Amino acid sequence: MNCELLATCSALGYLEGDTYHKEPDCLESVKDLIRYLRHEDETRDVRQQLGAAQILQSDLLPILTQHRQDKPLFDAVIRLMVNLTQPALLCFGGVPKEPGLRHHFLQVLSYLQAYKQAFANEKTFGVLSETLYELLQLGWEERQEEDNLLIERILLLVRNILHVPADLDQEKRIDDDASVHDQLLWAVHLSGLDDLLLFLASSPAEQQWSLHVLEVISLMFRDQNPEQLAKVGRGRLAQERSADVAELEVLRQREMAEKKARALQRGNRHSQFGGSYIVQGLKSIGDRDVIFHKGLHNLQNYSSDLGKQPRRVPKRRQAAQELSLQRRSALNVRLFLRDFCSEFLENCYNRLMGAVKDHLLREKAQQHDETYYMWALAFFMAFNRAASFRPALVSETLSIRSFHFIERNLTSYYEMMLTDRKEARSWACRMHLALTAYQELLATVNEMDLSAEAAVRESSRIIKNNIFYVMEYRELFLTLFRKFDERCQPRSFLRDLVETTHLFLKMLERFCRSRGSLMVQNKRKKRKKKKKVPDQTVASGDVPHSAEELEALWPGLAEQLQCCAQDPELSVDSVVPFDAASETPVEEQRVEAMVRIQDCLLAGRAPQALTLLRSAREVWPEGGVFGFPDVSLEEEMQLLKQILSAPLPRQQGTEEGGMEEEEEEEEEEEEEELQVVQVSEKEFNFLDYLKRFACSTVVRAYVLLLRSYRQNSAHTNHCIVKMLHRLAHDLKMEALLFQLSVFFLFNRLLSDPAAGAYKELVTFAKYILAKFFALAAVNEKAFVELLFWKNTAVVREMTEGYGSLDGRSSGCRAAAWSLEEEAQLRELYLTHKDVEGQDVVDAILAQLSTARTRKQVVHHLVRLGLAGSAKDFQRKGIHIVLWTEDQELELQRLFEEFQGSDDVLGHIMKNITAKRSRARIVDKLLALGLVAERRELYKKRKKKLAQSCTPDGEESLKDSWQDPEEEENLPEEESEEEEEEEEESWEAEPAHGHPVPSAENLGQGLRREGFSAPLLWLQSCLVRAADDREEDGCSQAVPLVPLTEDSEEAMENEQFQQLLRKLGIRPPASVQETFWRIPAKLSPAQLRRVAASLSPRMEQEEEKPQPELEPRVPAEQGPSGEDQRENRAEALRALLVARKKKGLVSLEEEDGAADGNEQLKVAPRKRQLLGSEEEEEGDEGRSQAPDPGAPVTPKKRRYQVEDEDEDDEEPQAEA
């Protein structure tokens, strides 16, 4: 023992006879011990040393009983004892798995058991009860904070002592004998502490101690059975005596059978002449028959496993052990506990349970305190049902809210058991406690049906109606059976689950018979499949309204508009066309508002259309899309008529996945599944509900419990047989039990000497065996089917014939492949397997004569031996490949090499040996810590363009472009700032004389390099896309798929890609995209202008196209014509001044520029710069809301003015 601890303990005092003499420093010594305990290590060394020195037995208890008047010392001793008696599970945070800590845990537990035995003294509890009584006598205004702390510590001390588990190996107590726990309870009773607990439970002023009191009471009744406790003192009933006689008869029959077997084992010959025998037909390890070296009487017990070392089962796979053991206490203790229960139910139960429930709901309790509530509910309701059933005594917990509370916690424990695997057994114990409470609620409701009072029966009917109506209560048992795990949940949990399910089914069946028909709630999760494809629009021409129908519809709408236009009650505030909180962009909401107006007109709701139009005008006044503020009624009607007949773009509706979609094989496209819970009502069918239990997982759980039929009670065996009989007889699915392990169990049952005591089990076993042999006479494969557990589909095939389910419904198995279909499949596969660039299975599906799914085709190809496995037909994508150490070193070397370059990631991807996607390389760089964030890998944008010369001596213009994938990763604010900087640089560079790359120059350079054919192919693709968009009326991104080697080579050329970007063609936006795409925002006119810009220069000079003015738009969307001319003149002057400094501008040109305010001269080879967002918005606005009556001005356009001299191709101005 530590010297400081030894000195402190010696300073407490000493015991002389029965008198304890305390030292002057006794109080300080007790405080020192409390301080030492606060700073002990993880092995709890101070606690162990004090336990070994028996400080509590020799010093603390005498101080407590003999020096109660010294209040400071008494309070300090109580504090120290509460700390010393703290449960070992709390000290170590659970049962340690490390052997060293586990040894310390067991040592502390042994000291706690010694403390418990020392506390089993009436005098000790007498002092505690007297102190507690004096404190409770004080009113709330007289009671100090120290008094409340002392009350709480006394209750905690009693709790800690009662919590100490019994040492069964040391006590070795039998039933009806007084154990240490019984002695402790008797001391509590003699001291009067039980009466104080009842007072605390019943007093409204002491509700703050309700959880402490409930915890102490639950520990008092820890080993008790409520039903047996309720029958104490009544005498033995005839039914109990007959049950005991039957149990003794079973034991006697087994004993007689064992004696008879031992008598038969005594051979007539001497043991030295037992002989050896050959067992014919039973092969040994070799090809010879088995040689048996024992007597013939032992041949029946022969097994090939004899002499083998049993295989050790790992701990994680061992079955869970039973934690709670019930025993019968001494008679006087049981009588005291019975009276305590009766008084508690009479005066305290409803009030205490209500207070505890309030604490739980308001989260005033500690974690897992709801387990005490569920234990008290199960225990006292069972006691009330077994003693003298009075529903009024348990009315607080006899309600739908209690069912809901228990079900919610049971489901929560179940989910935590599946997720928190380390503490799965703890969650399983809590789940068992919740299941016991749920079982007792059902048993009490069932008992209410048998009551003589009509009001009680009516209350029971209302509760059952609510329970059977809600789907969660019906599905609870199925869920628990399907997820039963014997590694976490003990056999007692399975027993209670089987008995509760039996009771629920019996109550439900009886309720259905009494009602005739029962309507229940049905919840169904409906799946919607939403493909992640670019937004596609369909024209309103898809709406079944022709032009003639719209003309015929308009007169009626016009009359309604005339009537409601002057209506003062027509308020625009009633309709809100704009949602500021929506993620939909403002422009799309404007289009949606116009579509809503058109829908109202088509539906004949003219007033709503007019109201929505006026509301939209207030939200979007710019451009006069919905009219101007001072618009007249006639102009509004004209605008509505145009909206009615306008081909407005509509969003394509989401495809709902119905039953046919669910039955089809899921395509490996990007899909988003949305589950919507639909609540409806349906008529309940008991047999349909029973069919949910007809599955192998439920049957296996029942068979597992049936294996211990000898240890089970008669009621448990009855519940098992009743459920199996329902499945086999009522549902005609006896083949579910055609399993070898079940038949082995039946054989053990039928050969049991005491089989007469299990008549119900024997009858059922014979019934199943008779059904099996009757089926085996027809189906010889039934013997092979014994090796497997079966589902309902296999059961029907066994009984009705194999292949009988093939042609029943599309949801069942697919039809078999015929010889012709197999020959066609083989031919198609051999035809398409060597074709590159296409998916073999897709090509086969397109040409098959019969409809098959992708999965069926793949599986049959594997079955025919044409492919090794289904993995050979996986769609091509990016496969995740682990990085080797050499590859990581190579990546690190490349990063250090190109770290200072403008495009670090691009150089790494070009030079790395193992080609990987951009995202994989970025993730690996982050994982290796080479970069802190993705922003460091972005390509550095060049503000000014540099010139480089080609081998021919001409200028080759290259620009630095940000990769679209990187642009998507940039923040929105940063992207906008960079776009503004880029536009400023484009406008500022011509003034400084730097060249601007044009699509025409790039095209001429590519022609010189031999890319004339790819340019012609690109031009034809643009023209074809423009024609398709004019014909279809809708636009979507069109991929540029190169079909020739020249086109593929061009698409990989950097200068050709730069040309594509200049033309507004979008590169692959993500890893899933492979080809460049023509954006959906480009109109047919723009596409044709882009295609024309790709024509050779000689054709352009011959044609000399003149600039066409864009369609006019409302004045609010652009500057006036005069402002445009002034801006262009100023820009031209600035350009001429800049070129004058370089000597590139003559005086004649300067004079011509002076007259720029009056007339602007544009070179013949001018072209419009593509990619202007203002122009695209203007095009969209014109297509969405044509307003012929609005004043218009020319659209501001940006031109690139070039010198007429062919030798000088330097751009001159941009306005």
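This is a short selection-by-selection tour of a predicted model.

**Stop 1: the N-terminal helix**

Start by selecting helix α1, residues 3-10. At its beginning, a side-chain oxygen of N2 comes to within 2.8 Å of the backbone nitrogen of E4. Now colour L5, T8 and C9, the buried residues of this helix. Look down the axis of α1: the buried residues fall within an arc of 95°, so they line one face of the helix. What sits on top of them? The cover over the buried residues of α1 includes β1 (13-16), α2 (26-38), α3 (45-52) and α4 (55-66).

**Stop 2: the loop after α2**

Next, pick T43, which is in the loop between α2 and α3. Its side chain makes a polar contact with the side chain of D41, at 2.9 Å. Show the surroundings too: setting aside neighbours within four places in sequence, T43 touches Q48, F92, L101 and H104. Keep F92 on screen and add R44, which lies over the face of the F92 ring, 5.8 Å from the ring centre.

**Stop 3: helix α16 and its surroundings**

Jump to helix α16, residues 331-347, and select E343. Is E343 buried or partly exposed? With a relative accessibility of 40%, E343 counts as partly exposed. Leaving out neighbours within four places in sequence, its contacts are L198 and C348. L198 is 145 residues away from E343 along the chain, yet their C-alpha atoms are separated by 8.1 Å.

While you're here, show R338 and D339, whose side chains meet in a salt bridge (3.1 Å, N to O). R338 is partly exposed at 23% relative accessibility, and D339 is partly exposed at 42%.

Then switch on the rings of F221, F336, F340, F344, Y349, W375, F379 and F380, which form one aromatic cluster. For another charge-on-ring arrangement, select K357 and F405: the charged end of K357 sits over the F405 ring, 5.0 Å from its centre.

**Stop 4: salt bridges around α20**

The whole structure has 36 salt bridges. Select E440 and R385, whose side chains meet at 2.9 Å, N to O. E440 lies in helix α20 (residues 424-449) and R385 in helix α18 (residues 370-387), so this pair ties together parts 55 residues apart in sequence. E440 is buried, at 7% relative accessible area, while R385 is partly exposed at 22%.

Stay on α20 and go to D449, which forms a salt bridge with K464 (2.6 Å, N to O). That pair links D449 in α20 to K464 in helix α21 (residues 454-469), 15 residues apart. K464 counts as buried, with a relative accessibility of 7%. If you want a network as well, select E40, R44 and R47, which are joined by salt bridges that share partners.

**Stop 5: aromatic pairs**

Finish with the rings, where a search of the whole structure finds 33 aromatic pairs. Select F481 and Y702: their ring centres are 5.1 Å apart and their planes are at 25°, so the pair is stacked. It links distant parts of the chain, with F481 in helix α22 (residues 471-482) and Y702 in helix α30 (residues 696-706), 221 residues apart. F481 counts as buried at 1% relative accessibility, and Y702 counts as buried at 1% too.

Last selection: F684 and Y689, a tilted pair with 5.8 Å centre to centre and 50° between the planes. F684 is buried at 12% relative accessible area, and Y689 is buried at 4%.

Conventions:
Residues numbered from 1 in each chain as written. Predicted model: local features only at pLDDT ≥ 70, side-chain atom pairs only at ≥ 80, totals over all residues. Heavy atoms only, no water. Phe/Tyr/Trp six-rings, centres within 6.5 Å; stacked < 30°, edge-to-face > 60°. Helix = DSSP H or I, 4+ residues; strand = E, 2+ residues; numbered from the N terminus. Buried < 20%, exposed > 50% of the residue type's maximum accessible area, 1.4 Å probe, protein only. Lys NZ or Arg CZ within 6 Å of the ring centre and 35° of its normal. Contact = heavy atoms within 4.5 Å. Arc of directions from axis to C-beta. Polar contact = N/O pair within 3.5 Å; in protein donor to acceptor, adjacent residues only side chain to side chain. Salt bridge = Lys/Arg side-chain N within 4 Å of Asp/Glu carboxyl O.
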